[in-house]
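Subject: Structure handover

Hello,

Here is the structure for your work. My notes on it follow below.

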Amino acid sequence: MTNDEALMREALAEARRAEAAGEVPVGAIVVIDGEIVARGFNCPIGAVDPTAHAEIVALREAAARAGNYRLTGAELYVTVEPCLMCVGAAVHARVRRLIYGAPEPKAGALGSATDALGVPGLNHRFEVTAGVLAEECGALLQTFFRLRRGGGSSGA
């Protein structure tokens, strides 16, 4: 198992916390100098906050711990390709690298639905590593939505 896989498993644990809370199962962690400094999971329903995506929750916690909104050198691990809002937050936080699991064809902003980092004039860009534990990350989402739609536990 690679270090990226081990850290993505930590993000998956956060996604399972979201699922247990009745939220869409997306999880994120922020790593600085090899140490997990923040964790987050989707909680817009419970927080009554449309911005409470896993990435935003984790970035807020990391910034509070660092005492600085700029998280230069940080790595953001997230189980699903981030949306436009979350990519924007990562740009503003100055993360060094973003690692995600499953692609998000409807709203993914790192190449699936749009390429937010391709917008001219950005004052920061970060390295992207896609597809880390993609099958496991994607299966968690697929199962969640299948069960929510009353599809039971059989089929894909």
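A disulfide is taken here as a pair of cysteine sulfur atoms within 2.5 Å. By that cut-off, a search of the whole structure returns 0 disulfides. The sulfur of C137 has its closest cysteine sulfur in C86, at 15 Å, which is too far for a bond. For C83 the closest cysteine sulfur is also in C86, at 3.8 Å, and that too is too far for a bond.

Before the rest, the terms of use. This is a predicted model, in which local features need pLDDT of at least 70 and side-chain atom pairs count only at pLDDT 80 or more, while totals for chains, interfaces and linings use all residues. Residues are numbered from 1 along each chain as its sequence is written, and side-chain values use heavy atoms, with hydrogens and water left out.

Burial of the cysteines

Buried means under 20% relative accessible area and exposed means over 50%, with partly exposed in between (1.4 Å probe, protein chains only). C83 has a relative accessible area of 19% and is therefore buried. C137 is at 2% relative accessibility, so C137 is buried as well.

Strands

Helices (H or I, at least four residues) and strands (E, at least two) are DSSP runs numbered from the N terminus. Two strands pair if DSSP finds at least two bridges between them.

Strand β1 covers residues 27–32, and 5 of its 6 residues are buried, so β1 is largely enclosed by the rest of the structure. β1 pairs with strand β2 (residues 35–41) in the antiparallel sense over 6 bridges. Within that pairing, V31 stands opposite I36 of β2. The two strands β1 and β2 make a hairpin with 2 residues between them, and D33 in the turn has a positive phi of about 50°.

β1 is also joined to strand β3 (residues 75–80), by 4 bridges, and these two run antiparallel. There A28 has V78 of β3 as its bridge partner.

From β3 the pairing continues to strand β4, with 5 bridges and a parallel run. Y77 is opposite I99 of β4. Between β3 and β4 the chain passes through helix α4 (residues 84–93), and this β-α-β crossover is right-handed. Right-handed means that, with the strands pointing away from the viewer, the path from the first strand over the helix to the second runs clockwise.

Strand β4 covers residues 97–102, and 6 of the 6 are buried, so β4 is largely enclosed by the rest of the structure. β4 pairs with strand β5 (residues 127–129) in the parallel sense over 3 bridges. I99 has T129 as its bridge partner in β5.

Largest pocket

On a 1 Å grid over the protein atoms alone, a cavity is a set of points where a 1.4 Å probe fits but cannot get out; a pocket is an open set with protein on both sides within 12 Å along at least five of seven lines, and lining residues have an atom within 4 Å of a point. Grid points are joined across faces, edges and corners, and a volume is the space filled by probe spheres set on the points.

The largest pocket holds about 610 Å³ of space. Its lining has 23 residues, and V24, V80, E104, L141 and F145 lie nearest the centre. Two or more lining residues each come from α2 (44–47) and α5 (134–148). α5 gives the largest share, 4 residues.

By class, the lining of the largest pocket has 13 nonpolar, 4 polar and 6 charged residues. Ala, Val, Leu, Ile, Met, Phe, Trp, Tyr, Cys and Pro count as nonpolar, Asp, Glu, Lys and Arg as charged, and the others, Gly among them, as polar.

Backbone and burial notes

V48 is not a glycine but has a positive phi of about 50°. V48 sits in the loop between α2 and α3 (54–66), and is exposed because its relative accessibility is 70%. R94, also not a glycine, has a positive phi of about 65°. R94 belongs to the loop between α4 and β4, and is buried because its relative accessibility is 15%.

L71 lies in the loop between α3 and β3 and, at 2% relative accessibility, counts as buried. The C-alpha atoms of L71 and V30 are 9.3 Å apart, with their positions 41 residues apart along the chain.

Regards
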